[in-house]
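This briefing has been prepared for a reader at the bench who wishes to go through one model topic by topic. Please keep the sequence and the structure in view while reading.

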Amino acid sequence: MAIAKKKLVQWEPTDIKKELLSKYPAKVARKRAKQIMINEALENATPEITANVRTIPGIITMRGCTYAGCKGVIMGPTRDSLNLVHGPIGCSFYAWLTRRNQTDPGPDGANYMPYCFSTDMQDSDIIFGGEKKLAQAIQECYDLFHPVLISVFATCPVGLIGDDIHTVCRNMKEKLGDCNVFAFSCEGYKGVSQSAGHHIANNGIFTHIVGENDEVKPGEYKINLLGEYNIGGDGFEIDALLRKCGITTISTFSGNSSYDQFASCHTADLSCVMCHRSINYVADMLETKYGIPWIKVNFIGAKATAKSLRKIAQYFGDQKLIDRVEEVIAGEMVAVEAAQKDVLPRTQGKTAMLFVGGSRAHHYQELFAEIGMKTLAAGYEFAHRDDYEGRRVLPTLKVDADSRNIEEIEVEPDSTRYNPRKTEAELKMLDEKGIKFKEYEGMMTEMEAGTLAIDDLNQYEAEKLVELLKPDIFCAGIKEKFSIQKLGIPMKQLHSYDSHGPYAAFKGAVNFYYEIDRLVNSKVWGYLKAPWQESPELSATYVWE
Ligand code: CFM
């Protein structure tokens with residue numbers, strides 16, 4: 001039975017959870033109960049959440065597919081990689097410029113972003129096999145563009161019929177001679193979400209590109225920025241800030257990136273991981289093979305940005321850099337503080353809910369906190385337990401059949417190029433100063449006690465949450481946008497930023513404050529009434545009510 005209607009102040013998190021589960025059949029409710037947690041905000045023991053498991057059939061999930069994670073997320077933003085989709089045209093068409101990763105065409109002008117490449121498989125290719133057609137398409141791409149890389153992406157039907165795309169690519173690479181060609185077995189069904197696609201893409205880049213170019217690039221403090229995808233120009237903003245501090249970015253995985261950045265990333269001296277979920281694999285592999293340590297950074301939120309810059313400066317330990325970073329922070333904070341002061345009287349005490357992929361639901365809580373807003377509930381579409389509870393849970397994670405489906409590649413120290421950038425003693429000293437290497441504490445440790453952490457939220461639960469807790473703003477993606485707005489709540493897309501942004505670094509923070517101020521204080525939502533609310537003609541209840 002449904003719980004009697006209560007006002008917001010009376011809702012206890014346990015009531016909310018009960019209410020979310022009340023409509024489900026017993027078996028479904030049991031499963032979902034393990035993915036809906038009431039946060040305890042403890043440092044070393046967070047409630048165990050079930051994550052990275054299959055969505056329950058029949059539930060309208062917010063997730064994407066493995067192909068989306070590989071082709072769209074990781075390989076998508078690399079301008080000079082010609083991304084050829086082997087499959088029916090829809091898979092390519094719907095991944096065509098739909099993620100707002102921005103790109104600077106670069107000095108050589110090699111930029112295939114605006115194109116949509118596909119083998120356009122037909123029924124006959126499904127029946128007789130698509131390998132010949134794939135080889136032909138690779139040849140055609142090469143003849144037209146002469147790219148440095150042609151990467152091939154498998155879609156579901158390709159996996160089902162068993163086309164040997166890897167052999168086709170190997171043969172074509174040999175035939176073409178001056179163009180790298182390799183494939184990803186990233187069929188949509190391969191994993192439980194796009195997260196599997198990240199893993200497959202990272203393995204592919206590491207195996208086929210990383211380490212190809214040993215040339216040492218100029219620059220004093222060289223880093224890799226891992227897990228920053230330049231959505232809405234975030235990457236441009238971060239790059240400009242790093243440059244101002246005198247820090248050189250050797251590679252970005254993979255916002256505004258090029259083939260050569262991947263090929264020479266092993267020459268950097270520190271890897272900075274922004275989106276832990278999508279890229280922690282590369283950080284680990286770079287450390288094992290080349291001796292490059294990694295730290296977690298976050299450029300979403302002014303405080304987090306300052307903290308990240310200080311961490312990088314401390315790592316290099318050069319007083320000149322430390323001073324420069326302080327100077328830059330002090331300069332940038334003037335505008336940030338003025339903006340905070342301006343919006344705070346209007347945003348203080350308002351509430352938000354955030355349900356985004358695998359890292360933003362955490363990072364953006366910082367921005368809301370900076371303008372006095374409280375997060376009532378947050379969750380990820382496809383994160384793993386370590387993104388919620390911190391990497392300390394890694395040794396206890398059970399590997400299920402779905403994860404075993406994704407190849408783990410064996411990486412060993414490079415026989416000639418392994419070069420630990422810091423000695424054990426130096427690392428220990430930095431650790432004592434508070435720089436934690438290979439560490440991510442997860443979203444739940446930073447959320448208040450009593451807030452809700454919900455994995456793989458679905459449409460039904462999203463609407464229920466809004467109805468019960470009435471947040472001032474709900475953040476998610478395009479699939480959720482209009483159903484939420486019809487409930488009379490502003491909905492901000494945190495994947496695409498609704499054609500706005502950048503929101504990263506200091507200038508991005510100021511953009512975000514004003515955007516949220518505008519959204520949560522707009523009067524328009526109060527006027528919103530659906531036609532049936534104004535003149536109800538028919539009303540009904542479900543038979544089970
Ligand atoms: Fe990382 Fe991303 Fe995200 Fe992600 Fe994504 Fe994205 Fe995202 Mo959309 S890599 S996990 S697979 S931060 S596309 S730039 S916004 S779901 S929270």
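The points below are grouped by topic, beginning with sheets and ending with single residues.

The model is predicted. Among its elements are an open sheet of four strands with parallel pairing and an open sheet of six strands with mixed pairing. A ligand is surrounded by 14 residues, and the second largest pocket has a volume of about 980 Å³.

**The four-stranded sheet**

- The strand order is E3-E2-E4-E5, and the sheet is open.
- Strand E3 (117–118) and strand E5 (180–184) are the edge strands, each pairing on one side only.
- Strand E4 (residues 149–154) runs parallel to E5, and five bridges join the two.
- Within this structure, serine 151 has phenylalanine 182 in E5 as its bridge partner.
- Helix H6 (residues 131–145) packs on the sheet and touches strand E2 (81–86), E3, E4 and E5. The direction of H6 makes about 155° with that of E2.

**The six-stranded sheet**

- This open sheet follows the order E1-E12-E11-E10-E13-E14, with mixed pairing.
- Strand E1 (36–38) and E14 stand at the edges with a single partner strand each, so one side of each has no neighbour in the sheet.
- From one strand to the next, the twist averages 15°.
- Three bridges pair E1 with E12 in the antiparallel sense.
- Isoleucine 36 stands opposite isoleucine 454, a residue of E12.
- Helix H1 (residues 13–21) lies across E1 and E12 and runs at about 170° to E1.

**The ligand shell**

- Which residues are the closest to the ligand? They are Arg99, His198, Cys275, Ser359 and His495, out of the 14 that surround the ligand.
- By class, the shell around the ligand contains six nonpolar, six polar and two charged residues.

**The second largest pocket**

- The lining of the second largest pocket comprises 34 residues. Asn52, His384, Leu397, Ser403 and Glu408 lie nearest the centre of this pocket.
- Four helices each supply at least two residues of the lining: helix H9 (194–208), helix H12 (276–290), helix H16 (385–389) and helix H17 (401–404).
- Which helix gives the most to this lining? H12 does, with five residues.
- The lining has 13 nonpolar, 10 polar and 11 charged residues.

**The largest cavity**

- Rolling a probe the size of a water molecule over the atoms reveals where empty space remains.
- The structure holds one cavity of 30 Å³ or more, and the largest cavity encloses about 30 Å³ of space.
- Arg32, Gln35, Thr55, Ile56, Ile59, Asp456 and Asn458 form the lining of the largest cavity.
- By class, the residues of this lining are two nonpolar, three polar and two charged.

**Backbone geometry at single residues**

- The peptide bond that joins phenylalanine 253 and serine 254 is cis, with omega at about -5°. Serine 254 belongs to strand E7 (residues 247–254).
- A cis peptide bond also leads from glycine 501 to proline 502, where omega is near -5°. Proline 502 is placed in the loop between strand E14 (491–493) and helix H21 (505–520).
- Lysine 438 is a residue other than glycine with a positive phi, near 45°. Lysine 438 sits in the loop between helix H18 (424–432) and strand E12 (452–454).

**Lysine 217 and its contacts**

- Where is lysine 217 found? Lysine 217 is in the loop between H9 and strand E6 (221–228).
- Lysine 217 and isoleucine 250 are 33 residues apart along the chain, while their C-alpha atoms are separated by 7.7 Å.
- Apart from its neighbours within four places in sequence, lysine 217 is in contact with Lys222, Ile250, Asp260 and Ser264.

Terms used: Residues numbered from 1 in each chain as written. Predicted model: local features only at pLDDT ≥ 70, side-chain atom pairs only at ≥ 80, totals over all residues. Heavy atoms only, no water. 1 Å grid on protein atoms, 1.4 Å probe; cavity = no way out; pocket = protein on both sides within 12 Å on 5 of 7 lines; lining within 4 Å. Points joined across faces, edges and corners; volume = space filled by probe spheres on them. Nonpolar A, V, L, I, M, F, W, Y, C, P; charged D, E, K, R; others polar. Near = heavy atom within 4 Å. Pairing = 2+ DSSP bridges. Contact = heavy atoms within 4.5 Å. Axes fitted to C-alpha atoms, helices over the stretch in contact; angles between N-to-C directions.
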